[in-house]
Amino acid sequence: MAVPGGAPGVLAGASVAPHLTLLLIQDDPAATPLVPDLRDSTGRPIRVRAARNLTEAERLLTDDVHCILLDLALPAPGCTGEDGNEDELAVLRHVLRLAPRHAVLALTASGDADRAAEAVRVGAQDYLFRDELDGRLLSRAIRYAVERKRSDAAERRLAEGRLRAQENARLERGLLPTPLLDGAPLRFAARYRPGRSRALLGGDFYDVVRTPDGIVHAMIGDVCGHGPDEAALGVELRIAWRALTLAGLCGDELLGTLQEVLEHERDNEELFATLCTVDIDADGSRARLCLAGHPAPLVVREGRADLLPYDENGPAIGMLPWRNWPRMEVELGAEWSLLMYTDGLIEGRVGDGGRERLGQDGMAGMVGRLWGEGVRGERLLSAAVREARELNGGELTDDVAVLLLERG
């Protein structure tokens with residue numbers, strides 16, 4: 001029994017290494033006494049299967065085979081290379097395609113050293129000469145080939161992991177950018193936390209920029225679903241929002257253009273995104289709020305936490321052929337903290353096994369209490385996310401993005 005996706009013949013949770021199994025592919029296996037006494041490093045016999053051609057080999061090539069000993073003299077279909085000349089390693093290339101996860105030993109004549117070396121370059125773990133072979137040498141070569149294949153696979157997984165980490169870092173920079181707030185009398189903080197079922201970023205995104213007229217524009221959004229396609233779409237929407245905002249668009253014109261971007265870039269017509277935008281005047285006392293299917297922000301003033309108006313919440317972008325999102329005027333005052341968030345923060349459960357969710361009112365009470373205790377800035381975001389997790393009895397199931405703007 002093999003571990004899916006793992007090395008051939010490796011038992012899950014096994015403390016004792018399994019018996020090694022060799023598949024010999026040779027048109028006349030009895031012609032060469034290759035396997036009189038093959039043993040692994042513990043002295044146990046190595047099991048041998050023999051195939052006279054590639055058709056038999058494919059039938060015998062199961063996950064409990066650890067190594068293939070292939071006679072390079074065996075004929076193979078398609079023996080011409082890309083240049084039209086005969087490909088002397090056609091049979092090896094065929095077996096490597098057939099068994100990419102198995103160790104392969106190439107068997108050839110002692111006078112064919114160049115061909116043997118080329119076989120290793122093409123992908124075999126090692127080569128052996130037919131007329132110099134004995135049981136002890138073959139046993140050692142099998143063990144070496146199996147361990148080298150495992151090492152190569154581990155190194156490849158490590159390299160793929162590093163590549164994924166680099167790709168995730170680039171994606172994170174796209175979803176969670178550095179705000180452009182030079183000259184603004186506001187403090188900024190943000191947090192992102194992936195959901196329990198994902199180690200990578202999802203479709204939540206946010207951005208904050210200050211335009212030359214002194215207005216601070218903040219946005220937070222959430223693409224429905226999870227995965228690389230949703231995350232990539234979130235990056236595109238975030239970048240488009242910044243470009244359109246810096247170009248002077250706002251309100252319906254901005255959201256309508258973002259809807260066009262989403263409709264052209266999504267590969268599934270059911271994909272949509274919720275969005276919340278806030279445009280804060282240069283003096284910080286007033287703002288204009290647009291909601292496209294997104295939870296309303298929370299503002300804390302004089303120790304009281306209140307949700308901003310949400311009765312004129314328009315549809316999510318990409319959901320309906322819509323071109324009109326109400327833009328609401330909001331009084332902020334002289335000193336305030338404005339919290340924008342995705343629904344992952346408020347959809348967590350309250351209490352062990354409870355069906356009740358935290359919700360917007362519960363979050364408002366929690367944030368108001370923390371604010372009253374003197375918790376501000378990044379500490380306020382961290383404390384809010386931490387308490388939401390604790391109330392949920394563990395990691396939140398959805399991604400959570402939260403940003404905070406403060407004045408005074």
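# Reading a predicted fold, feature by feature

Modeller: To start with the whole chain: of the protein's 408 residues, 47% count as buried. Keep in mind that this is a predicted model.

Colleague: Fine. What does the secondary structure come to?

Modeller: Eight helices and 15 strands. As for how the chain folds back on itself, take the contacts with a separation of 6 or more: residues 24 or more positions apart account for 66% of them.

Colleague: Now the interior. Which residues touch the most other members of the largest nonpolar core?

Modeller: A nonpolar core is a set of buried nonpolar residues joined through their side-chain atoms. The largest one here has 29 residues, and Ile280 and Leu405 touch the most other members. Look at the strands for the rest: strand 6 (187-193), strand 7 (204-210), strand 8 (216-223), strand 9 (273-280), strand 10 (286-292), strand 13 (327-331), strand 14 (336-341) and strand 15 (400-407) each supply at least two residues of this core.

Colleague: And what is Leu405 in contact with, leaving aside its neighbours within four places in sequence?

Modeller: Click on Leu405 and you'll find Leu181, Arg187, Phe188, Val208, Val216, Ala218, Ile280, Trp336, Ser337 and Leu338 in contact with it. There's also a second, separate core of 26 residues, with Ala189, Leu358, Met366 and Val375 among them.

Colleague: Let's turn to a helix. Which residues of helix 3 are buried?

Modeller: Helix 3 covers residues 113-122, and its buried residues are Arg115, Ala116 and Ala119. Now look down the axis: those residues fall within an arc of 100°, so they line one face of the helix. On the other side, Asp114 and Arg121 are exposed.

Colleague: What do the buried residues of helix 3 pack against?

Modeller: Their partners are helix 2 (90-98), strand 4 (103-108) and strand 5 (126-129). After helix 3 comes Gly123, with a positive phi near 155°.

Colleague: Glu118 is in helix 3 too. How does Glu118 score on accessibility?

Modeller: Glu118 has a relative accessible area of 29%, so it counts as partly exposed. For a reference point elsewhere in the chain, try Glu88: it is 30 residues from Glu118 along the chain, and their C-alpha atoms are separated by 9.8 Å.

Colleague: How do you look for empty space inside a model?

Modeller: The general idea is to roll a probe the size of a water molecule over the atoms, which shows where empty space is left. In this structure there is one cavity of 30 Å³ or more. The largest cavity has a volume of about 40 Å³.

Colleague: Which residues line the largest cavity?

Modeller: The lining is His217, Trp241, Thr245, Leu249, Cys250, Gly251, Leu254, Thr277 and Asp279. By type, that divides into four nonpolar, four polar and one charged. Helix 5 (228-246), helix 6 (251-265) and strand 9 each supply at least two of these lining residues.

Colleague: Loops next. Is Thr211 buried or exposed?

Modeller: Thr211 sits in the loop between strand 7 and strand 8. With a relative accessible area of 7%, Thr211 is buried. Beyond its neighbours within four places in sequence, Thr211 is in contact with His217, Thr245 and Leu246. Two of the names in that list, His217 and Thr245, also belong to the lining of the largest cavity.

Colleague: What about Ile46: buried or exposed?

Modeller: Ile46 is in the loop between strand 1 (21-25) and strand 2 (47-51). Its relative accessibility is 6%, so Ile46 counts as buried. Setting aside neighbours within four places in sequence, Ile46 is in contact with Leu20, Thr21, Leu22, Leu38, Arg39, Asp40, Ser139 and Ile142. Thr21 is 25 residues from Ile46 in sequence, with 5.7 Å from C-alpha to C-alpha.

Colleague: One last check on backbone angles. What is the phi of Glu302?

Modeller: Glu302 isn't a glycine, although its phi is positive, at about 50°. You'll find Glu302 in the loop between strand 11 (298-301) and strand 12 (304-307). Its relative accessible area is 82%, so Glu302 is exposed.

Key
Residues are numbered from 1 along each chain as its sequence is written. This is a predicted model: local features need pLDDT of at least 70, side-chain atom pairs count only at pLDDT 80 or more; totals for chains, interfaces and linings use all residues. Side-chain values use heavy atoms; hydrogens and water are left out. A nonpolar core is a set of buried Ala, Val, Leu, Ile, Met, Phe, Trp, Tyr and Cys residues joined through side-chain atoms within 4.5 Å. Buried means under 20% relative accessible area, exposed over 50%, partly exposed in between (1.4 Å probe, protein chains only). Helices (H or I, at least four residues) and strands (E, at least two) are DSSP runs, numbered from the N terminus. Contact means heavy atoms within 4.5 Å. The arc is that of the directions from the helix axis to the C-beta atoms. On a 1 Å grid over the protein atoms alone, a cavity is a set of points where a 1.4 Å probe fits but cannot get out, and a pocket is an open set with protein on both sides within 12 Å along at least five of seven lines; lining residues have an atom within 4 Å of a point. Grid points are joined across faces, edges and corners, and a volume is the space filled by probe spheres set on the points. Ala, Val, Leu, Ile, Met, Phe, Trp, Tyr, Cys and Pro count as nonpolar, Asp, Glu, Lys and Arg as charged, and the others, Gly among them, as polar.
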